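Me: I am new to this structure and would like a close look at a single part of it. Please choose one strand, take me through its surroundings step by step, and explain the terms as you go.

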Amino acid sequence: MGVFSKSQSWLNFEEVVIFAKISPNKRSLPTCARAAMSIASKLSIIVAVSKNGIIGKNGRIPWHIPEELKFFKSITMGHTVIMGRKTFESIGRVLPGRRNLVVTRSENWFFENYYKNSGQISVLGSMDLALNVIRDSPIPEHFWVIGGEEIYRQFLPYVGAIVCSEIPATCDGDAFFQIPRAFVRGEKLCECSQFVAHKWIRTE
Ligand SMILES: NC(=O)c1ccc[n+]([C@@H]2O[C@H](COP(=O)([O-])OP(=O)(O)OC[C@H]3O[C@@H](n4cnc5c(N)ncnc54)[C@H](OP(=O)(O)O)[C@@H]3O)[C@@H](O)[C@H]2O)c1
């Protein structure tokens, strides 16, 4: 199964089969397509979305659901998280137990200096750099794109899966997320009165 074997990917066996069906003969694919599929097997989005597609308001998440935060932690712990500079500043600290990658175009970003010697975060200046880090990483590493809107949008073409917590409420906001049609809903990962989380798998 090459890059899609269960031991090398966060995808389960059925999802690996979906990937294999997309490209029954990966050797015939152009190199760039193979590279993109290799990235997809170790790159996922995790997001929480309201009924009307809102993920943020004024730089913050417009709800506080401790159970959802616990779920986010359980999924991302021990892996690498990738986020935009605005999301990092909104969180305001390094997420412990995870390698933190922050994407910014600013060469002199304050937090880079602040954390320069801590080894806790890496700052990446472009999408190309971020994709290179993912492509070149040792296979067992999994990368979670954790937001916000701008970063989700740019990584969407490359991710193989989305973990989405649906918040059963409508709310005001200025940051949005929508799951594209290329993804199908897979297994339910968590359910409680305040949210339900599913895994969505890329099919095309
Ligand atoms: N509900 C959820 O699951 C969830 C999760 C995360 C965040 N959020 C919410 O989403 C909102 C933030 O989203 P956002 O879209 O405003 O900001 P964002 O995606 O967190 O960060 C945007 C920043 O990332 C950097 N960036 C973007 N594309 C880049 C590229 N190609 N190369 C280099 N740097 C790049 C830029 O930083 P510089 O300006 O420094 O160059 C840009 O200003 C907040 O409300 C937050 O609470 C919600």
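Reply: What follows is a walk around strand β3, with a short look at the whole chain beforehand.

This is a predicted model, in which local features need a pLDDT of at least 70, side-chain atom pairs count only at pLDDT 80 or more, and totals for chains, interfaces and linings use all residues. Residues are numbered from 1 along each chain as its sequence is written.

The protein chain averages a pLDDT of 83, and 76% of the residues score at least 70; pLDDT is the predictor's confidence in each residue, from 0 to 100. Over residues 1-29 the pLDDT stays under 50, and for this stretch the model has 37 contacts beyond four places in sequence, a contact being two residues whose C-beta atoms, placed from the backbone, lie within 7 Å. The secondary structure of the protein chain comes to seven helices and 10 strands, where helices (H or I, at least four residues) and strands (E, at least two) are DSSP runs, numbered from the N terminus. Of the 204 residues in the protein chain, 34% are buried, and a residue counts as buried if 20 or more other C-beta atoms lie within 10 Å of its own, as exposed if 12 or fewer do, and as partly exposed in between, with C-beta atoms placed from the backbone.

Now to the strand itself. Five of the five residues of β3 are buried, so β3 is largely enclosed by the rest of the structure. In a regular strand the side chains alternate between the two faces of the sheet. In β3, T80, I82 and G84 point one way while V81 and M83 point the other way, and all are buried.

The partners of β3 come next. Strand β4 (residues 99-103) pairs with β3 in the parallel sense over five bridges, and two strands pair if DSSP finds at least two bridges between them. Strand β6 (residues 143-145) also runs parallel to β3, joined to it by three bridges. I82 takes part in both pairings, since its bridge partner is L101 in β4 and V145 in β6. With α4 and β4, β3 makes a right-handed β-α-β unit; a crossover is right-handed if, with the strands pointing away from the viewer, the path from the first strand over the helix to the second runs clockwise.

Within β4 lies V103, which is buried, with 24 other C-beta atoms within 10 Å. Not counting residues up to four places away in sequence, V103 touches I82, G84, R85, L124, A130 and I151.

On β6, the residue V145 is also the bridge partner of I45, and β1 and β6 pair in the parallel sense over three bridges. Seven of the eight residues of β1 are buried, so β1 is largely enclosed by the rest of the structure. Seven bridges also join β1 to strand β7 (residues 161-167), again in parallel, with I46 opposite V163.

Finally, there is the ligand. It is surrounded by 29 residues, the closest being G56, G84, T87, G147 and G148, where a residue is near a molecule or strand if its C-beta atom, placed from the backbone, lies within 6 Å of it. The elements that give two or more residues to this shell are β1 (43-50), β2 (54-56), β3 (80-84), α4 (85-91) and α7 (149-155).
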